[in-house]
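Subject: Structure handover

Hello,

Here is the structure I promised you. Please open it alongside this note, and then read on for what turned up.

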Amino acid sequence: MDVLTQHIQGEVPWCMLFADDIVFIDETRRAVNARLEVWRQALESKGFKLNRTKTEYLECKFSVGAHESHVDLKLYIQVIPKKGSFKYLGSIIQGNGEIDEVITHRIGVG
């Protein structure tokens with residue numbers, strides 16, 4: 001299938017914009033902080049305000065390499081709280097890679 005669709009496939013999106021959510025994906029917190037600061041400055045320069053009380057992040061560790069546990073994710077000077085899971089349009093993504101919250105949610109809905 002990849003051979004047939006190779007000409008229309010793009011690279012993995014490292015930044016996705018939804019209706020009122022932005023997703024940044026990177027390998028380090030420092031890189032996410034840098035990207036977040038660029039977006040903050042760009043949006044605020046146009047009169048938009050970022051809701052600092054609703055901003056949160058989910059960290060997914062896909063490798064066993066060194067992690068930046070000493071680096072806080074910040075929006076300007078405010079530390080952003082870390083979440084264990086993220087729910088969007090009925091889907092749940094867990095930072096630990098498990099699916100137990102999804103299963104519990106689906107059973108509860110049924």
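Which side chain meets Arg 29 in a salt bridge? The partner is Glu 59, at 2.9 Å from N to O. Before going further, please keep in mind that this is a predicted model.

**The Glu 59 site**

Start with where the two residues sit. Arg 29 belongs to helix α2, which covers residues 29–45, while Glu 59 is in the loop between β3 and β4. The two are 30 residues apart in sequence, so their salt bridge ties together separate parts of the chain. Both Arg 29 and Glu 59 are buried. For Glu 59 the relative accessibility is 17%. That value counts as buried because the cut-off is under 20%.

Glu 59 has a second partner. Its side chain also meets that of Lys 82 in a salt bridge, at 2.8 Å from N to O. This pair again links distant parts of the chain: Lys 82 lies in strand β6 (residues 82–83), 23 residues from Glu 59. Lys 82 is partly exposed, with a relative accessible area of 45%. Arg 29, Glu 59 and Lys 82 are thus linked in a network of salt bridges.

What else does Glu 59 touch, leaving aside neighbours within four places in sequence? The contacts are Arg 29, Lys 82 and Gly 95.

**Other salt bridges**

The structure holds 5 salt bridges. One of them joins the side chains of Arg 40 and Glu 44, at 2.7 Å from N to O. Here both partners lie in helix α2. They are 4 residues apart, about one turn of the helix. Arg 40 is buried, at 9% relative accessibility. Glu 44 is partly exposed, at 29%.

As background, side chains of opposite charge can pair when their charged atoms come close.

**The nonpolar core**

Next, the interior. The largest nonpolar core has 7 residues: Phe 24, Val 32, Leu 36, Tyr 57, Leu 73, Leu 75 and Ile 80. In general, nonpolar side chains tend to be buried together in soluble globular proteins.

Leu 73 is a good residue to click on. Not counting residues up to four places away in sequence, Leu 73 touches Arg 29, Val 32, Asn 33, Tyr 57, Gln 78, Val 79 and Ile 80. Of these, Val 32, Tyr 57 and Ile 80 are also members of the core. Arg 29 is the residue that meets Glu 59 in a salt bridge.

**Helix α3 and the surface**

Is Ile 99 buried or exposed? Ile 99 is exposed, with a relative accessible area of 52%. The residue is found in the loop between β8 (91–94) and α3. Together with Ile 103 and Ile 107, Ile 99 forms a nonpolar patch on the surface. The accessible area of the three together is about 310 Å².

Val 102 is in helix α3, residues 100–109. Val 102 counts as partly exposed, at 21% relative accessibility. The buried class needs a value under 20%. Leaving aside neighbours within four places in sequence, Val 102 is in contact with Ile 92 and Gln 94. Its C-alpha atom is separated from that of Ile 92 by 5.7 Å, with the two residues 10 apart along the chain.

Best wishes

Methods
Residues are numbered from 1 along each chain as its sequence is written. This is a predicted model: local features need pLDDT of at least 70, side-chain atom pairs count only at pLDDT 80 or more; totals for chains, interfaces and linings use all residues. Side-chain values use heavy atoms; hydrogens and water are left out. Buried means under 20% relative accessible area, exposed over 50%, partly exposed in between (1.4 Å probe, protein chains only). Contact means heavy atoms within 4.5 Å. A nonpolar core is a set of buried Ala, Val, Leu, Ile, Met, Phe, Trp, Tyr and Cys residues joined through side-chain atoms within 4.5 Å. Patches are made of residues with over 30% relative accessible area and no salt bridge: like charges are joined within 9 Å, nonpolar side chains (Val, Leu, Ile, Met, Phe, Trp, Tyr) within 5 Å. Accessible areas come from the Shrake-Rupley method with a 1.4 Å probe; for residues, only the protein chains shown count as cover. A salt bridge is a side-chain nitrogen of Lys or Arg within 4 Å of a carboxyl oxygen of Asp or Glu.
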